[in-house]
Amino acid sequence: MSQPTTLFDKVWDRHVVKHITGGPNVLYIDRHLIHEVTSPVAFLGLEKRDLKVARPDKTTATADHNVPTINQHLSIEDQLSRDQVEMLTTNCAKHNIPLYGLNHKWQGIVHVIGPELGLTQPGMTIVCGDSHTSTHGAFGAVAFGIGTSEVEMVLATQCIMQPKPKKMLINVEGVLSKGVTAKDIALYIISRITTSGGTGHFIEYAGSAIRSLTMEGRMTLCNMSIESGARGGMVAPDETTFSYLKDREFAPNGVHWEKAVEDWRGLKTDPDAKFDKEYHFDAADIEPMITYGTNPGMSVKISEPIPKAESLQNGEGASFRKSLDYMGFGDGDIMKGKQVDYVFVGSCTNGRIEDLRAFSEFVKGKQKADNVTAWIVPGSKQVEAQAIEEGLVDILNDAGFEMRQPGCSACLAMNDDKIPAGKYSVSTSNRNFEGRQGPGARTMLVSPLMAAACAISGKITDPRELIEG
Amino acid sequence: MAIEKFQKITSSAVPLPIENVDTDQIIPARFLKAVERKGFGENLFRDWRYDKSDQLIPDFPLNNPEFRGEILVAGKNFGSGSSREHAAWAIYDYGFRVVISSFFADIFRNNALNNGLLPIQVSSEELQMIFNLIDEDPATSIAVDLENQLLTIEKTGKTIPFDINAYKKECLLNGYDDIDYLVSIKSEIEAFEKDKA
């Protein structure tokens, strides 16, 4: 019997082309996703070296980061954004890379379209020049974000050089309470292990609370792995995974499907496998969470106050105070009742159909507060189409909301969807860094449920107070 | 297209005693629209260096003429967040060749190394000592010897050894880059593909 191994080991090890003594592994990549922002310099590099794209068939492109979320049928107004999107089109045409660009029925945020097209599959290695590539780990893939030099490596050779990360287990057992979502689990975990707690590690999420999540929920959780510093996070594939993938555009079909599922069933951590670090959490301890500071680790349960500065370790006080000053909050403050100016629902974290369903169901028959500007941005064209088909858009419209068109939008505010300086934004995205949603913008990260509660009441609100029953 | 060889550096340093400096602070997203790698240094720490009306904020360390040099010293968990390599490009383009911190985010560390920018991790006590020395005397000179993996505070003679992956060290010292290496083992990669298929 060979040494017991983890899910991560199983996937990583079967992709190692070569071990370099005292150095990184040469890792083979099954799926490379590219977008307009982090690829142009990589393509320039290829040209300078006179290299071709090694495997255009394993590469997929979309335009998402800087595209407008209104009037997508028109030419992009901002010239720099337009140039970048056009450059992607030119590069993809030149190298025969499939591109699902603006106005294509499969366009969308790269981490939303990969799974929904079945490009993301268990056991794969997946990279993209975007840190939220960790999302795809929800399928039991080793998926992580890379820099542009590494994008160039993968384009040129389908390989990357990486030291093998350490392994971390995060186990969440029990049943989630009413109003608690995958987003709350993610924020809860990061608030406990900090934004650097996962650095150097790959996380496996396990336990009954994780098993009970839908694929959308698992994607939200794995998406936020990078916010704890971890390169990626994974969930072992199971029936939930297989039924999500079956019959998707690029999923295996026919006899290939059966064979693939058989292989995927073996992708799990052996009973006695060792992790470098383990955390165990009780699902019942998790409440709807909200961030109060300027990194995703600075969150509290909605019923708890912002920590007191005195409770912090030596040396952390200055950064904590800087953060609270930026947000205009005081230590010990209660979040409930605080001002809300904008509500953003979308992003690779919470821009999927299930998120729009949760939001719509919540606001159904209610009215958006007048003081709130809301941007509801679907993660992809397919999500948009489904939201229309399911009648969600009608519900949203009746409640005073409008749905925009797919893209990364106000998550990183590269396009025109910027929160004005000093304004408070309740956001379902992944980062509350200073200026992330626009220079001077103040972001509070929440689940789609809490976003809905805040949009309706016009102030920070515990969604459980508005959920009937 | 190799990277620049990393030479021994002796320089004063710019202190940035802030923790969790994320890549959105290093280079905000609105400056990522270029299709070429140039000019990012201008916008390094843009929203900390300039106010809303584009005036320099005098007390930000990079704007303080007392602080200069090729070494940036920053609080723990430097470079967290986005994978944007533009962050490493901006720091390099501004003129830094070394970043010292007590902790680096993974993707930033890789991006830095792939661009000839050396991230040096020291203990939190050592980091605090360096901050204190710069605070006492902004001209405090630090020698960075990659070959021997040693930082030396010139004035006191205090030395701090640091770790680096042996492969990456060779790359930096010789100006090798990973792409050249991967291209050179192309036949091994193709054999792996065949074997796997």
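Let me start with S347 of chain A, which counts as buried because its relative accessibility is 1%, and I should say straight away that this is a predicted model, so each value I quote is computed from it. S347(A) belongs to helix α12 of chain A, residues 347-350, and its phi is near 85°, a positive value in a residue other than glycine. As background, most residues other than glycine have a negative phi.

Set beside that residue D50(A), whose phi is near 60° and therefore positive as well, although D50(A) counts as exposed at 69% relative accessibility. D50(A) sits in the loop of chain A that runs between α2 (40-49) and β4 (59-62). There is one further positive phi to mention, that of Q158(A), at about 65°, just after helix α5 of chain A.

That brings me to helix α5 itself, residues 148-157 of chain A, which is mostly covered, with 10 of its 10 residues buried. Among them are the polar or charged-looking entries you may want to click on, T148(A), S149(A), E150(A) and E152(A), together with V151(A), M153(A) and V154(A). Helix α8 of chain A, residues 215-223, is largely enclosed by the rest of the structure, since 9 of its 9 residues are buried; the buried residues include M215(A), E216(A), R218(A), C222(A) and N223(A).

Now to the sheets. Which order do the strands of the parallel open sheet in chain A follow? The 4 strands run in the order β11-β10-β9-β12. The edges are taken by β11 (232-234) and β12 (277-282) of chain A, and because each has a single partner strand, one side of each is left without a neighbour in the sheet. Neighbouring strands of this sheet are turned by 20° against each other on average, with direction ignored. Within the sheet, β9 (residues 166-173) and β10 (residues 201-206) of chain A pair in the parallel sense over 6 bridges, and if you would like one pair to look at, K167(A) has F202(A) in β10(A) as its bridge partner.

The other sheet I want to show is an open one of 3 strands, in the order β1-β2-β8 of chain A, with antiparallel pairing. Its edge strands, β1 (16-19) and β8 (159-162) of chain A, each pair on one side only, and the twist averages 20° from one strand to the next. Strand β1(A) is joined to β2 (residues 25-28) of chain A by 3 bridges, the two running antiparallel, and K18(A) stands opposite V26(A) in β2(A). What packs on this sheet is a helix from chain B, namely α8 (residues 186-196), which touches β1, β2 and β8 of chain A and whose direction makes about 140° with that of β1(A).

Let me turn to the domains of chain A, which is divided into domain 1 (7-277) and domain 2 (289-465). The C-alpha centres of these two domains of chain A lie 24 Å apart, and the contact takes 46 residues from domain 1 and 42 residues from domain 2. How much area do domain 1 and domain 2 of chain A bury between them? The value is about 3500 Å², with 57% of it on carbon and sulfur atoms.

The nonpolar cores come next. The largest has 112 residues, and those with the most contacts inside it are F45(B) and F78(B). Its largest share, 8 residues, nevertheless comes from helix α16 (residues 448-457) of chain A, and the core draws at least three residues from each of domain 1 (7-277) and domain 2 (289-465) of chain A. If we leave aside its neighbours within four places in sequence, F78(B) is in contact with a set of residues that includes F45(B), L16(B), V21(B), I26(B), L72(B), I91(B), V99(B), F103(B), F104(B) and F108(B), along with S101(B). Apart from this core lies another, of 88 residues, among them A63(A), A138(A), L213(A) and F281(A).

I will end on M298 of chain A, which lies in the loop between β13 (289-291) and β14 (299-301). Is M298(A) buried or exposed? At 10% relative accessibility M298(A) counts as buried, because the cut-off for that label is under 20%. Not counting residues up to four places away in sequence, M298(A) touches I290(A), T291(A), Y292(A), G293(A), F320(A) and S323(A). The C-alpha atoms of M298(A) and Y424(A) are separated by 16 Å, the two residues being 126 residues apart along the chain.

Note on methods: Residues numbered from 1 in each chain as written. Chains lettered and ligands numbered in written order. Predicted model: local features only at pLDDT ≥ 70, side-chain atom pairs only at ≥ 80, totals over all residues. Heavy atoms only, no water. Pairing = 2+ DSSP bridges. Axes fitted to C-alpha atoms, helices over the stretch in contact; angles between N-to-C directions. Core = buried A, V, L, I, M, F, W, Y, C linked by side-chain atoms within 4.5 Å. Buried < 20%, exposed > 50% of the residue type's maximum accessible area, 1.4 Å probe, protein only. Domains from an automatic or database assignment. Contact = heavy atoms within 4.5 Å. Buried area = accessible area lost by both parts, 1.4 Å probe.
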